[in-house]
Amino acid sequence: MPYEVQGVIARGKGEPVTLETVHVPDPGPGEAVVNVQACGVCHTDLHYREGGINDDFPFLLGHEAAGVVEAVGPGVTDVAPGDYVILNWRAVCGQCRACLRGRPWYCFNTHNAAQKMTLADGTVLSPALGIGAFAEKTLVAAGQCTKVNPDAKAAVAGLLGCGVMAGLGAAINTGGVTRGDSVAVIGCGGVGNAAVLGAHLAGAGTVIAVDVDDRKLAWARDFGATHTVNSRETDAVEAIRELTGGHGADVVIDAVGRPETYEQAFYARDLAGTVVLVGVPTPEMRIDLPLLDVFGRGGSLKSSWYGDCLPSRDFPMLIDLYLQGRLNLDGFVSETIGLNQVEEAFDKMHRGEVLRSVVVL
């Protein structure tokens with residue numbers, strides 16, 4: 001029987017979100033319906049509301065979520081009703097050239113549910129990142145469900161579904177941070193501080209957090225930063241070099257995604273070092289670097305998609321580390337709120353008052 005639930009809807013560019021009735025169909029082949037228990041309020045949801053992703057309004061917002069599988073459609077074998085899962089927005093296909101080469105984290109044919117959720121009047125909804133989890137229940141492709149240990153609180157587990165995984169993975173998977181490395185992270189919001197945490201987890205000897213907000217730098221200390229730099233007051237490149245013996249960091253992670261921060265990252269790395277871009281730039285942004293510097297400095301310039309994660313591999317492992325007390329995921333949860341408080345959470349995000357507001361259902 002189809003489900004009627006409450007969900008957070010963005011109807012037009014920049015308009016305040018509304019709480020409305022959403023029609024969720026029974027799962028079809030390869031699909032699952034999930035009872036959402038918690039969903040983080042991510043910058044990407046705000047980008048959707050502001051028309052920064054596309055103009056396929058109305059959107060059912062929310063994508064950083066955990067919950068319990070309610071029902072599955074024909075052919076689904078990896079999850080079953082009652083399973084506790086984190087939702088991911090890159091369900092790998094297993095058949096594309098990346099998957100067949102053994103690199104499924106680069107899958108070129110990720111997929112979502114085939115059926116559409118709708119408003120009560122039949123208007124088709126566009127679920128954020130193919131998930132739409134600011135709702136009591138949502139319909140997803142079964143491959144978007146990753147089973148994890150149910151002992152982890154949903155408000156914490158769901159954060160691995162997007163921002164925290166992006167930052168952790170940028171350090172560990174993309175940047176390849178290892179024991180004794182020096183790491184600098186530019187931008188210490190949710191993703192940047194997750195990169196700080198990832199570098200700390202991987203055993204980096206020096207972890208330098210860079211931001212213009214002392215409050216965010218204080219958070220970075222809590223996640224394992226050994227040094228902080230307020231780049232409003234101090235030249236970030238010079239500071240990073242000074243803290244690394246004049247050489248620059250082995251890995252520099254740009255969690256902002258602007259030309260000026262990318263240039264800082266490029267020149268703040270050591271010779272043969274690695275730059276990782278995880279902050280998402282806008283379409284009009286351009287970077288101008290001397291090609292001789294690109295050649296002469298060596299190393300790697302990388303971008304990180306979703307932390308280059310493989311959810312089936314990374315989510316259960318990270319949840320286990322959290323339950324062992326080795327991964328401070330609780331520190332990202334600034335507040336828990338209801339579905340009717342998402343608009344207020346966007347305002348707090350704008351003001352830099354929170355790492356994550358988390359909707360709990």
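1. **Crossing of H4 and H5.** H4 passes H5 in a right-handed crossing. The model is predicted, and this helix pair is a good place to begin reading it. H4 covers residues 163-174 and H5 covers residues 190-201. Their axes lie 7 Å apart, at an angle of about 45°. That angle makes H4 oblique to H5, because an angle counts as roughly parallel under 35 degrees and as roughly perpendicular from 65 to 115.

2. **Residues between H4 and H5.** On the H4 side the contact uses Gly-163, Val-164, Ala-166, Gly-167, Leu-168, Ala-171 and Ile-172. H5 answers with Val-191, Ala-194, Ala-195, Leu-197, Gly-198, Ala-199 and Leu-201. By class, the contact of H4 with H5 has 11 nonpolar and 3 polar residues, with no charged ones.

3. **H7 and H8.** A second helix pair joins H7 (residues 236-243) and H8 (residues 259-268). Here the angle is about 25° and the axes are 9 Å apart. H7 and H8 are therefore roughly parallel to each other. Their crossing is right-handed. From H7, the contact takes Ala-236, Val-237, Ile-240 and Arg-241. From H8, it takes Gln-264, Tyr-267 and Ala-268. The class count for H7 with H8 is 5 nonpolar, 1 polar and 1 charged.

4. **The six-stranded sheet.** The order is S13-S12-S11-S14-S15-S16, in an open sheet of 6 strands with parallel pairing. S13 (227-230) and S16 stand at the edges. Each has a single partner strand, so one side of each is left without a neighbour in the sheet. From one strand to the next, the twist averages 15°. Inside the sheet, S14 (residues 249-254) and S15 run parallel and are joined by 5 bridges. One residue pair to check is Val-252, whose bridge partner in S15 is Val-275.

5. **Helices on that sheet.** H8 packs on the sheet and touches S11, S14, S15 and S16. Its direction makes about 150° with that of S15. H7 lies across S11 (182-186), S12 (206-211), S13 and S14. H7 runs at about 165° to S12. S11 and S14 thus appear in the contacts of H7 and also in those of H8.

6. **The five-stranded sheet.** Another open sheet has 5 strands, in the order S7-S2-S1-S4-S8, and its pairing is mixed. The edge strands are S7 (118-119) and S8 (126-127), and each pairs on one side only. Strand S1 (residues 3-10) is mostly covered, with 6 of its 8 residues buried. S1 runs antiparallel to S2, with 7 bridges between them. Tyr-3 has Val-24 as its bridge partner in S2. S1 also runs antiparallel to S4, through 2 bridges. There, Ile-9 is partnered with Leu-60. On the S7 side, S2 (residues 18-24) is joined to S7 by 2 bridges, and this pair too runs antiparallel. Val-22 has Leu-119 as its bridge partner in S7.

7. **A cis peptide.** Look at the bond between Phe-57 and Pro-58. It is cis, with omega about 0°. Pro-58 sits in the loop between H1 (43-49) and S4 (59-60).

8. **Positive phi values.** Which residues other than glycine have a positive phi near 50° or near 55°? Leu-129 has phi near 50°, and Tyr-306 has phi near 55°. Leu-129 is in the loop between S8 and S9 (137-141). Its relative accessibility is 21%, so Leu-129 counts as partly exposed. The buried class ends at 20%. Tyr-306 is in the loop between S16 (300-303) and H10 (311-323). Tyr-306 is buried, with a relative accessible area of 5%.

9. **Ile-287.** What does Ile-287 touch, leaving out residues up to four places away in sequence? The contacts are Pro-259, Tyr-262 and Glu-263. Ile-287 and Tyr-262 are 25 residues apart in sequence, and their C-alpha atoms are 8.0 Å apart in space. Ile-287 lies in the loop between S15 (269-277) and H9 (291-297). With a relative accessible area of 43%, Ile-287 is partly exposed.

Terms used
Residues are numbered from 1 along each chain as its sequence is written. This is a predicted model: local features need pLDDT of at least 70, side-chain atom pairs count only at pLDDT 80 or more; totals for chains, interfaces and linings use all residues. Side-chain values use heavy atoms; hydrogens and water are left out. Two strands pair if DSSP finds at least two bridges between them. Helices (H or I, at least four residues) and strands (E, at least two) are DSSP runs, numbered from the N terminus. Buried means under 20% relative accessible area, exposed over 50%, partly exposed in between (1.4 Å probe, protein chains only). Contact means heavy atoms within 4.5 Å. Axes are lines fitted to C-alpha atoms, for helices over the stretch in contact, and angles run from 0 to 180 degrees between N-to-C directions. Angles under 35 degrees count as roughly parallel, over 145 as roughly antiparallel, 65 to 115 as roughly perpendicular and the rest as oblique. A crossing is left-handed if the near helix is turned anticlockwise from the far one by less than a right angle, and right-handed if clockwise. Ala, Val, Leu, Ile, Met, Phe, Trp, Tyr, Cys and Pro count as nonpolar, Asp, Glu, Lys and Arg as charged, and the others, Gly among them, as polar.
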